[in-house]
Amino acid sequence: MFDGYDSCSEDTSSSSSSEESEEEVAPLPSNLPIIKNNGQVYTYPDGKSGMATCEMCGMVGVRDAFYSKTKRFCSVSCSRSYSSNSKKASILARLQGKPPTKKAKVLQKQPLVAKLAAYAQYQATLQNQAKTKAAVSVEGFSWGNYINSNSFLAAPVTCFKHAPMGTCWGDISENVRVEVPNTDCSLPTKVFWIAGILKLAGYNALLRYEGFENDSGLDFWCNICGSDIHPVGWCAASGKPLVPPRTIQHKYTNWKAFLVKRLTGAKTLPPDFSQKVSESMQYPFKPCMRVEVVDKRHLCRTRVAVVESVIGGRLRLVYEESEDRTDDFWCHMHSPLIHHIGWSRSIGHRFKRSDITKKQDGHFDTPPHLFAKVKEVDQSGEWFKEGMKLEAIDPLNLSTICVATIRKVLADGYLMIGIDGSEAADGSDWFCYHATSPSIFPVGFCEINMIELTPPRGYTKLPFKWFDYLRETGSIAAPVKLFNKDVPNHGFRVGMKLEAVDLMEPRLICVATVTRIIHRLLRIHFDGWEEEYDQWVDCESPDLYPVGWCQLTGYQLQPPASQSTRESQSASSKQKKKAKSQQYKGHKKKRKMPVGKKPVSLSSLPMPGGVRRSFSGDEELTPPPYRALPAQTAPEAFRPPSTSREFRPSLRTVTTLQLKEELLDGEDYSFLQGASDQESNGAANFYIKQEP
C-alpha cells in the first residue's frame with residue numbers, strides 16, 4: 001500500500017542549485033502546495049529552502065522530489081521531453097552556424113511568470129465552473145443530499161446480483177481509503193489526495209480527505225465506481241502527484257509520517273477494482289439483435305423486436321414493424337419478458353407474426369444462451385391444470401395481488417394466467433408466468449401474510465373467503481408444493497433506498513423505498529407518490545438497482561415528486577373520479593396526465609369502476625376495448641395521483657388455514673403464519689408448508 005511513500009528522504013535542504021541549472025530559484029511564497037513525484041511525498045519547513053522549478057513544464061516543488069541527480073525535472077517524462085527538444089535546439093544551432101552547447105535552451109519552455117498567469121486564469125475558470133455547477137445542483141436531484149438530510153439507508157450493492165459489481169463488491173465499506181482528485185487545490189493540473197469512506201449508499205460514498213479529522217467542511221459524495229476513484233498506491237504507480245488540500249496543507253510539517261501512520265493497517269480498494277468495474281459493465285446484447293418480447297398491448301402474445309440500444313444492461317427494444325421506430329419497449333436483458341427467436345413456438349405461446357417477410361440488413365437473431373435461464377421442472381407427475389385457482393401479482397396493476405386462474409398449461413413449465421373477473425372474452429389479457437415465478441402464490445398466501453387480496457371484480461360477498469369462492473366456482477386450489485419455495489438471503493431491509501423501474505412506464509427509473517418484505521417479495525414505494533402506485537416485485541428482480549446506478553451508467557433518474565405537485569394533481573384527479581361510472585365495462589388503459597416534468601408509474605389499486613392498464617400507456621385502442629383517459633400532452637409528465645384507498649390489514653393473526661378435502665382432491669394442506677417484515681429475510685423455511 002505504501003509503495004513509493006516509505007523510501008523518500010527526510011532531508012529537505014540537502015540539495016543546492018545544480019551545476020546545470022540555468023537560473024537560481026527565487027524565494028517562493030509559503031502557501032505553495034506540497035508535491036508528490038514518482039511515488040514519494042516531500043515536505044519543506046519554510047517554503048523557501050530546497051525548492052526548484054522544472055525546466056520543462058515549469059512545475060514548482062521541493063528539489064528533493066525532482067528527477068535525477070541534477071534535480072532539473074519534476075518527472076521522467078519531462079526529462080525525456082527536454083532531452084528531445086535539446087537535440088532539436090542543437091540541430092537548429094548548427095544550421096545557424098552556432099556551436100552546440102550542453103545547456104541548449106528548451107524550445108517550448110515557458111517562463112515562470114507565464115505559468116503564474118496561467119494559474120490565475122485557471123483559478124478564475126474553476127470559480128466560474130463552481131458557480132455554474134452550484135446553480136444547476138439547486139434544481140437537480142442529489143442522492144447525497146437526499147440521504148444526508150433524511151438519514152436514509154440505501155440497499156447495499158450486494159443485494160443486486162445483476163448490477164455492475166453486484167457479485168464482486170467485496171469488503172468495500174466504511175473506513176476504506178481511496179485516492180481521489182483534490183478539488184481544494186490551486187494547481188492547473190489534476191492532483192490527488194487520500195480520502196476515507198464515511199458512509200456508503202449503493203455505489204455512492206461520502207468521503208472525507210485525510211487530515212480533516214472531525215471537520216466535515218469539505219466532505220463530498222462521489223460514485224466509487226467512477227473513473228477518478230483509485231486504490232491507495234495508484235498515484236505512486238502512475239506517477240501522479242499527491243497534494244494535500246490547501247485548507248490543511250500547513251497542518252502538518254511531515255505529511256509522509258502522517259500518511260504512514262494513518263494508512264497502516266487500513267483497507268483500500270483491490271488493485272484491479274477499475275478493471276472489474278469495466279468488465280462488469282460489458283453486456284452481451286448488442287444493437288440489431290432480434291428477440292421475442294411481450295406485446296405491450298396484448299399481454300397474451302409475443303412479437304419480434306430489435307435491440308435499439310443497451311444502457312447498463314437495459315434494452316430499448318423497437319418492435320420490428322415500427323416504421324418510425326417509436327413503438328418501443330424497455331426491459332433488462334435478464335427480464336422474463338424477452339426470449340430467443342422461436343421460443344413462443346417451442347412452448348405453444350401465442351405469437352404475432354410480423355408483416356416483414358425477411359430480416360432487415362444487419363439484423364440477426366440473439367443467441368439463445370444469452371437469455372436468463374429458468375429452473376427446469378418435472379411436469380410428468382402432479383402438475384398445474386387448467387382451471388386451478390391461485391393468487392398472482394397483476395402485471396397490469398403491480399400494487400395488487402389478485403385472485404387468478406390457470407387458463408392454459410404450456411410446455412417447459414410455463415402457464416397462462418388470467419385475473420378473475422377482469423378477463424377479456426378472447427383471453428387477450430392473459431399473461432405468461434413460469435411455474436417457478438416468484439409472482440404467483442398458493443391460495444391463502446395473502447391472508448397468512450396480512451396482504452390485501454384483490455377479489456374478482458364484481459364479487460359481492462365481501463370480505464372475500466377462499467372457502468366460499470372455491471365452492472361457488474366448483475374449482476380447486478393449485479397444490480402448494482408446486483410453487484417456488486426458495487427464499488434467498490437477499491439482504492434488503494424495510495426503509496432501504498434504491499432506484500427502481502416504474503414497470504407501468506418501463507423506460508423510467510425512479511427514486512424508491514422498500515416498504516414491506518414478505519420473504520422474497522418486496523413492496524416498492526416511489527418516493528413522493530401515493531401508496532396506490534407501489535409495486536410488488538421479487539428481491540432478485542432485474543428492475544431494481546443500487547443507489548447511483550443511473551449516474552454510473554448514464555441513465556436518467558426520475559426524482560421524487562414534490563408535495564405541491566401531488567396536491568394540485570390530487571384535487572384534479574378526485575374531481576374526475578366523481579364522474580366515473582361504477583359499472584365495469586371492460587378493460588381500460590389508464591393514461592398519464594401532464595403535471596410537471598416527471599412521467600411516472602400508472603399503477604393504482606383497483607377501485608369500483610377502476611381500470612386495468614397495459615405496459616404501454618399509449619393512446620391507440622386495440623382489442624380488448626379500452627376507454628382512454630385524456631391523452632398525454634407532453635412527452636414527460638407526472639403520473640396523476642388518484643384517491644388513495646387506505647390499507648388496513650386484518651389485525652387477526654391467521655395461524656392455520658385448512659381447505660376442505662372435497663375442494664382439494666382429498667389432500668389436506670396447512671399454511672404457516674408468515675414472518676414479519678423484519679424477520680422475513682432468510683433462506684430457511686418457506687412461508688407455506690405442505691403437511692405430509
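**Exercise 1. Classify Lys 389 as buried or exposed, then find its salt-bridge partner.**

Step 1. Lys 389 has a relative accessible area of 7%. Buried means under 20%, exposed over 50%, and partly exposed in between (1.4 Å probe, protein chains only). Lys 389 is therefore buried.

Step 2. Its side chain meets that of Asp 420 in a salt bridge, at 2.8 Å from N to O. The rule asks for a side-chain nitrogen of Lys or Arg within 4 Å of a carboxyl oxygen of Asp or Glu.

Step 3. Place both residues. Lys 389 sits in strand E18 (residues 389-394), Asp 420 in the loop between strand E20 (414-419) and E21; they are 31 residues apart. Helices (H or I, at least four residues) and strands (E, at least two) are DSSP runs, numbered from the N terminus.

Step 4. Check the partner. Asp 420 is buried, at 3% relative accessibility.

The model is predicted: local features need pLDDT of at least 70, side-chain atom pairs count only at pLDDT 80 or more, and totals for chains, interfaces and linings use all residues. Residues are numbered from 1 along each chain as its sequence is written, and side-chain values use heavy atoms, without hydrogens and water.

**Exercise 2. State what the salt bridge of Asp 184 and Arg 246 links.**

Step 1. The two side chains of Asp 184 and Arg 246 meet at 3.8 Å, N to O.

Step 2. The pair links distant parts of the chain, 62 residues apart. Asp 184 is in the loop between E6 and E7; Arg 246 is in the loop between helix H4 (234-238) and H5.

Step 3. Compare burial. Asp 184 is buried at 10%, whereas Arg 246 is partly exposed at 40%.

**Exercise 3. Give the strand order of the open sheet that holds E6 and E7, and name its edges.**

Step 1. Five strands run in the order E9-E8-E7-E6-E10, with antiparallel pairing. Two strands pair if DSSP finds at least two bridges between them.

Step 2. The edges are E9 (220-223) and E10 (230-231), each pairing on one side only.

Step 3. Inspect one edge. E6 (residues 177-181) and E10 pair over two bridges. Glu 179 stands opposite His 230 in E10.

Step 4. Add the helices. H3 (residues 143-150) lies across E7, E8 and E9, at about 130° to E9. H5 (residues 255-263) lies across E6 and E7, at about 30° to E7. Axes are lines fitted to C-alpha atoms, for helices over the stretch in contact (heavy atoms within 4.5 Å). Angles run from 0 to 180 degrees between N-to-C directions.
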